[in-house]
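Here is a short note for a colleague who has not met this structure before. Please read it with the model open.

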Protein chains: 2
Amino acid sequence: MNQDYIKPDNWSIIEEGFDAERVKSSESLFSIGNGAMGQRANFEESYSGATFQGSYIAGIYYPDKTKVGWWKNGYPEYFAKVLNAPSWIGINVTINGEALDLNACKEVKNFRRELNMKEGWYNRSFEAVLQNGTAVAVNVTRFLSLTEDELGVIKYEVKLVNGSATITYSPYIDAGVTNEDANWEEKFWEPLDVQHEGDSAFVTARTFKTHFTVATYMHNSLFVNEKKQDVTPQNIEIGNDKIQFCYTAEAAQGETAALVKFGGYTVSLNHKESELIDAAKNVIASAQIKRYSTLLEEQKEVWAKIWEMADITIDGDVKAQQGIRFNIFQLNQTYLGKDPRLNIGPKGFTGEKYGGSTYWDTEAYCIPFYMATKDQQVARNLLTYRYNHLEKAIENAAKLGFTNGAALYPMVTMNGEECHNEWEITFEEIHRNGAIAFAIYNYYRFTGDYSYIPEKGLEVLIGIARFWQQRATFSSHKKRYVILGVTGPNEYENNVNNNFYTNYIAKWCIDYAIEQIAKVKSDYNEDYSRIMAKANLNDDEIKQWKKVADNMYFPYSEEHGVYLQQDNFLDKELIPVSELDRSQRPINQKWSWDRILRSCYIKQADVLQGFYFFEDHFSKEQLAKHFDFYEPLTVHESSLSPCVHSIQAAGLGRMEQAYTFYLRTSRLDLDDYNKEVEEGLHITSMAGTWMSIVEGFGGMRVKNDTLHFEPRIPEQWQGYSFKINFRNQILKVSIQQGETKFNLEGDKELTVFVNGKEVKVQPNALVTV
Amino acid sequence: MNQDYIKPDNWSIIEEGFDAERVKSSESLFSIGNGAMGQRANFEESYSGATFQGSYIAGIYYPDKTKVGWWKNGYPEYFAKVLNAPSWIGINVTINGEALDLNACKEVKNFRRELNMKEGWYNRSFEAVLQNGTAVAVNVTRFLSLTEDELGVIKYEVKLVNGSATITYSPYIDAGVTNEDANWEEKFWEPLDVQHEGDSAFVTARTFKTHFTVATYMHNSLFVNEKKQDVTPQNIEIGNDKIQFCYTAEAAQGETAALVKFGGYTVSLNHKESELIDAAKNVIASAQIKRYSTLLEEQKEVWAKIWEMADITIDGDVKAQQGIRFNIFQLNQTYLGKDPRLNIGPKGFTGEKYGGSTYWDTEAYCIPFYMATKDQQVARNLLTYRYNHLEKAIENAAKLGFTNGAALYPMVTMNGEECHNEWEITFEEIHRNGAIAFAIYNYYRFTGDYSYIPEKGLEVLIGIARFWQQRATFSSHKKRYVILGVTGPNEYENNVNNNFYTNYIAKWCIDYAIEQIAKVKSDYNEDYSRIMAKANLNDDEIKQWKKVADNMYFPYSEEHGVYLQQDNFLDKELIPVSELDRSQRPINQKWSWDRILRSCYIKQADVLQGFYFFEDHFSKEQLAKHFDFYEPLTVHESSLSPCVHSIQAAGLGRMEQAYTFYLRTSRLDLDDYNKEVEEGLHITSMAGTWMSIVEGFGGMRVKNDTLHFEPRIPEQWQGYSFKINFRNQILKVSIQQGETKFNLEGDKELTVFVNGKEVKVQPNALVTV
């Protein structure tokens, strides 16, 4: 953890002072993205220090041949990797013949980075004295356009501080990139073509195996003292996967030479392969017309609109404010919800770790955020993503011996196929199926849009119910259906029996599917007939499902009055985390796996995750009992852990604890709690931070088509506010110590409940409670 | 399974007819070894068909960098691989300029292989018509000398069947070899030096990382019609890791040209590095003096002595006879017990699979065979191997969080360090520690040589007892000590709690260690003081051990009257293997791992393995009950499974079942039950075959320093006999339908019990019972 690294600021992420040790961490923290592409905050100019280069394009992946020690039947042949894409940001700079390299300068001062979250740009500035004695002030601004999502913009300015100098800018694009996490050091990109025309250049490359074709382009303009120079690129260097231009400017002391570089990608996901370069030329032409200043203005406008819907304000706690905005900003950089082929990778566009783009994180953590801060179509797109993968989920289940249309969604995926390869996760962490069904329920609960279920959702629910019915077996010993050999959300227990969470959500999935079949039968008869015929489902089979759901086993301890995480949990030595020596933590770095598995330590909410999803199935007293039993045994070594605990602690009125968990989730990356931010950001858990405030402190719930709140406020804060897009009206909720205000942007009265008391909120009027 | 592949014969393994599809399988089955080196039955001449080249040197290994999908703390950095060694057997042959290649001849007939187990040589003969029309008869004999264990001998004869021909022999040695199972396609050998002198050549190479230096040598003599030719090698081709000579002979129809090639290795394990070539020259000089014929005679004599001690005869069942001799022969080819640095790899010198040389197979299966058929020093060497690795076992335990000298022996090892890398095996299949303690007990029980325990064994027992005491935890729920998160001998269950076998042997290990401490204290006081000081052990710690042993938990089912394989076994669906569709087997090839794990199917004896080791702790009725409960759920997909079941079935008088299991274990490779013999032979389970006869059918046990027998005979056999080296006297036991004969080679009367009845056997006299 490093609390002094990032300067506190309400709207910006700021780093001051150059520290080569922090370059990789800052490359993660200052990453930018626009939903279609993204990149780590790598320097444009050459840098000889340690760096982790990364540019990524949404939906472009590579099936990297599986690497395992010991093969198990059913393992996927490959692990779909987020693919390091050709780089378009590179600009080599020389000053009087010496390469500008922050790792080789005589002196670097006033180094500063700023990621302006309000306006959506990243700036870096510094003064450097080169080995040749020339002193320059460098100022670079970069952004990825939200209006033109194939376009990125860089303005690179060098001002002469002393003497005069010949400054050369050598902008390049380079498809000769590799992944740091490649299993076999294979090349992922096949270079196809390199072209140039005037100030523009184009490198076309295709991924091996997946055959995504990408044209990476650049266009450059040279300015001296803000005046565009009428020059053409010199010394054009062309390789088979790279092209570099050279522009030269003379500048005297106090003068500024600048290069404006447009760059980005056009990809075969969105264009005909033969039209990629034309498409890129169109983007360039449009950018040339708008120019840097207009593009930047547009960027600010779009971000202003995003914040208009999604902002959370916190008064009196700048670190908490910065944390939540960073989380909301990064989520929006990663996924904007336009394209149902895309999803939310755990590292977004900030790193390679965890490979595939989609985990159960999307359904369990991200959908609530997107539902409440975007148009409902966005959440619908995320659901549709899984609907489109239903066939693959059925194939995946068949590989594991299931039949008759049973669907097991993958643990990790890009295109619907499983790509993870640890048996205890891939084959056994099957609770993920439950979250996918739960998200359908949650979508309807929040949006009131039932149409998704007859159109698409019910087929998914049927496949999932079938899986659970087949996966459960009857224990003649327990006289109940049991689910043997699973890994629950707590991945620190593997191959356990009757994980409470898994059994509970399995039963719920079946019950919910049966309910929806009945509802669709009565209200959407045409859909019903289509679906039943397609799924080849009949009442006899549904009876089998019901038998399993009605007789599901749940391990319970009379002694402790709690549901047990799994059958044998009580055989463990239950020693609270507080008694564990600090030197032993994090246990996932200090202990061998067997020791972790037989310990009582819980990585993230497991029984409590069930209580989070199905809160209304249990009393507050039950929640308190389970929280008191499990939380002291929880090490929170998953980024997804603190948020659920923060919400539940707040619900139980334990505000100090809730606040501590909140800080941990909201500043996980900014303060680098886990000393790993250089690998990339924890994108999906950022949605959990949002939930900590809205569902935790705000106590927001949707019950019977109505918003409920139980507002609470940490004593460290003067006030906070958030907005909810509830059924196409925007409700702003402002909570101070002692009062809550509601402000509705919409056109019809909205009834909400505050601590159980009905409140009517009129459009465009302020209500104080 | 392929029952017609190998011709039935009492003393030889014979293949007739050339089948390119079988070449790799035969390369395994006709492998030869002499304890110090071994090789697959690769052709000497070039072969363009599918082949698996393998030469191996005992104790020479390479630490191949670990390959895993997901790293876990505590995994070893490398997997020690049996190393494919430089090849010395190669002889390229051309006839009138055309390379002899069985895959490219116009015709091949009378192809025949014979592995003569009685005399210890391998012969291959065939007639071939080349594309150029020349017809030749080839006859090749090869053996690895048991008297000079650095020496191998080949006599390669070509007889002209038609016309006359120029025959060239190009013998070579080649260190440019690789392992098929290399993790990263690394080179394992660094070539150092290539030399030649007269008819001899030497290639010196060193293993990377482990720095074993090996001089591979050859010496060649050319004969025409049995007459040695006074020629020198021509066209010497020298590479950096290879050297090839060329000898030319002219032969007319009916004439024979032969090359006698001596070759082998001198290694830095046994010689100074600077003297390797001199050592090789000494071997060559001695071989030149003895010549082919004397060397072969010596070979026959040494094998005659081995058989004198170890032979088992079976009358009236040639396949059973051939099976048991093949097993005894291969065990002797693999390990002769001279060197405590060596051990018995699961594939011996016949393949690469399973990497390291030592598994718990040695203690659980092989030691009884070596104790009974060799001098007791051999078993002592095997025990000493583990004693010498005690420090590494303590380090290994420390990596997993154990302290204070607790020892966990590795699952797979070459030099005492763990080299396996699956958490559920490496970290959890800890019962292996028990077998290592049991072997110490078993050695004393059989040989009566207590001296090993105060000298070495007790230190091992203490380290193991410490491990178990620390590994067990107290369940406040069960009020007993439990052992959580293990894999038992049945590897088709992982991370289970309270595996009966593991808990039982853990308790036994502690009890036995405490007993031996007391005995050494009273009878070997000097050793006692030394050991207690070295181990820093005191009575308080021993009391802790005892508390664990006295309060160990064993899962038991009142309903079934059996100990349960693990806590949750009864939650499984208990569907007998007989009801499992044939198409689903072997389940390890047909099912995904999770499905196997949650099924009731057992890979190999688990609870029954405990009943095998501790037979006298249980009644016959208990054995029958457990056998009837577990065997029907057992798929025997481990080569170590049928033998234990054969012994127990025989003990229960179920001879038909015992015989079926016997055939399966004894002809596992000859009949290729598992369709994988091309990967190499199952060496360690071959000792289990021996046990099936001696302990199963013969019912041999040692109780209170006395041999007991319960002779039984399968109805398919007229009679069988075996020999036991019991405390330096050789007892021959011959069992016919209805009578048992004893014949003692020794000098003192031996009392044995036959079905509980005392029998006195006088030296060199026959007793019939």
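The points below take up the two copies, one sheet and one helix.

1. Basis. This is a predicted model: local features need pLDDT of at least 70, side-chain atom pairs count only at pLDDT 80 or more, and totals for chains, interfaces and linings use all residues. Residues are numbered from 1 along each chain as its sequence is written, while chains are lettered from A and ligands numbered from 1 in the order in which they are written.

2. Symmetry. A turn of 180° and a shift of 0.0 Å along the axis lay chain B on chain A with an RMSD of 0.1 Å (least squares on the C-alpha atoms of residues with pLDDT of at least 70 in both). That is the relation of a two-fold axis. Which residue of chain B comes closest to the rotation axis? B:Val68 does, at 2.3 Å (C-alpha).

3. Sheet. Chain B has an open sheet of 3 strands, in the order 2-3-4, with antiparallel pairing. Strands are DSSP runs of E, at least two residues, and helices are runs of H or I, at least four, numbered from the N terminus. Two strands pair if DSSP finds at least two bridges between them. Strand 3 (residues 37–39) of chain B joins strand 4 of chain B over 3 bridges. There, B:Gly38 stands opposite B:Tyr56.

4. Helix 19 of chain A. This helix (residues 683–697) has 15 residues. Buried or exposed? 15 of its 15 residues are buried (20 or more other C-beta atoms, placed from the backbone, within 10 Å of a residue's own). Just after helix 19 of chain A, A:Gly699 takes a positive phi of about 65°.

Note on methods: The expected span of a helix is 1.5 Å times one less than its number of residues. A residue is buried if 20 or more other C-beta atoms lie within 10 Å of its own, exposed if 12 or fewer, and partly exposed in between; C-beta atoms are placed from the backbone.
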